[in-house]
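Thanks, everyone. I have one model to show you today. Let's put it on the screen.

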Amino acid sequence: MNHFPVFLTLDGRRVLVAGGGDAAVAKLRLLLKTTAHITVVAETFAPEIEDWATQGRLKLLRRAQEPGDALCCVIAYGAHEDAALDARALRLATADGALVNIVDNLADSQFITPAIVDRDPVVVAIGTEGTAPVLARRIKADLEARLPKDLGMLARVAKGFRGLAMKLPMGNPRRRFWGDYYESVGPRAAATGEDAARTALGNLLETHLAAEARPGHVDLVGAGPGDPELLTLKARRALDAADVVIHDRLVAPEILELARREAILVDAGKEGFGPSMTQDDINALMVRHAQDGHHVVRLKGGDPAVFGRLDEEIAALDAAEIAWTIVPGITAASAAVASIGQSLTQRGRNAAIRLLTGHDMKGFADHDWAALAAPGQVAAIYMGKRAARWMQGRLMMHGASRATPVTVVENASRPDQRVHAATLATLPDIVADATGPAVLLYGLAPRAAMAAIRNEEIAL
Ligand code: SAH
């Protein structure tokens, strides 16, 4: 970079333009946008320059340039369009201590004037160090088209709010406020005029300050097994109020539709476009949105406290000092057992119920198979489809009856719910039929089929 861009204060400073023709007129048009004291020196002047002088906007020296004409000038232009006269202008003005620009003479100029897009007080200066004036004009045309005509007015209005906007925390909150103003609220109000823009900006600031006053918060919400009617009232209320909903793949679209219309929906379990988000990504996303002051709903299938990686998310929120609450949901086992008319516990049969996962981080999950193989045990097995054959082997090895009922409930509570009654012996084949999420209810048969299964057991 040979030319260092600066914006020079010209208010109350002197500027000399040597020359009275077209080149001088072009420079003067720009200079007259400033509040500099302008003097033009030449033997004859173009009519525009005479007019400006008559209007008192600049002073004329109707003679050849003399030493001292550029004294106390910050900058001076040689605009004679005549090599000899401009060389003289350069010499004299330099001796007077001014920085000199010779029009269309890059080599002799001590500074150059950039192409300008003027939305005063927003001014974009484009320089190519004299190498590509055509390119500079293109960029200028491009920006002229892109920057709203009212931008200058919006910036002027904004200036009056700079101090007030300091009440917003630095960083994202302040950036969001100004972003909203320049991108949507400002341009809309500007159509009605400067006062409307000022009022709109005032209102916008109030809204942002109010939003900042309530700190970010995360609700870890159970969405239930799929049927929207099985949402808790608290879950519905949280969805109504959410700014951001980060949901799992298992959450049904009908439930997502209940989220506030303006809420941002983030699918954290996206498949098809590559791998789903990592747990770290999800944690970071929750923290970021909460730190921005948003009400975040982390929506999980079933109950967040059942195979939901709840503790990892809470740890991340605690580490970032973000407040959270848990809204429990109906877990898949409850919906599954309801679909077969059974109870998870029963006096005289099982006083305990196990919630098992078929696989964990290390692969197929190990459990106390011997205890589970004893008669009368009941377990709800989540994520158990792929591990079905392996579990069958373990249980039988520990003496479980081949006839032990196992009911596979697929898509519990959803319109596409399917119940597959099996026994430990037939489980792997039957499970292969289930394509949706399924819970394996070990030790339970659908109520209507219960008697028949008991008889079969006796016959064995
Ligand atoms: N937190 C969830 C469980 C998440 S683990 C809950 O409480 O239900 C995901 C597993 O849950 C699935 O592999 C499946 O075994 C089970 N699951 C979730 N929704 C289900 C549904 N509607 N029907 C059957 N099983 C379901």
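When I say domain, the bounds come from an automatic or database domain assignment. A word on the source: this is a predicted model, where local features need pLDDT of at least 70, side-chain atom pairs count only at pLDDT 80 or more, and totals for chains, interfaces and linings use all residues. Residues are numbered from 1 along each chain as its sequence is written, and side-chain values use heavy atoms, with hydrogens and water left out.

The protein chain is assigned domain 1 (14-113), domain 2 (151-210), domain 3 (217-330) and domain 4 (333-459). Between the C-alpha centres of domain 1 and domain 3 there are 67 Å.

Now, where does the ligand lie? Domain 3 and domain 4 both supply residues to its shell, so the ligand lies between them.

The shell counts residues with a heavy atom within 4 Å of the ligand. There are 18, and Asp303, Val306, Thr331, Ala412 and Ala438 come nearest. By class, twelve are nonpolar, four polar and two charged. Here Ala, Val, Leu, Ile, Met, Phe, Trp, Tyr, Cys and Pro count as nonpolar, Asp, Glu, Lys and Arg as charged, and the others, Gly among them, as polar.

Next, polar contacts, meaning pairs of N or O atoms within 3.5 Å. Val306 places a polar backbone atom 2.7 Å from a ligand nitrogen. For Pro225, a backbone N or O atom is 2.8 Å from a nitrogen of the ligand. At Met383, a backbone N or O atom sits 3.0 Å from a ligand oxygen. Alone, the ligand exposes 540 Å², and the protein buries 91% of that (Shrake-Rupley method, 1.4 Å probe).

Technical notes. A polar contact is a pair of N or O atoms within 3.5 Å; within protein, one must be able to donate a hydrogen and the other to accept it, and residues adjacent in sequence count only if both atoms are side-chain atoms.
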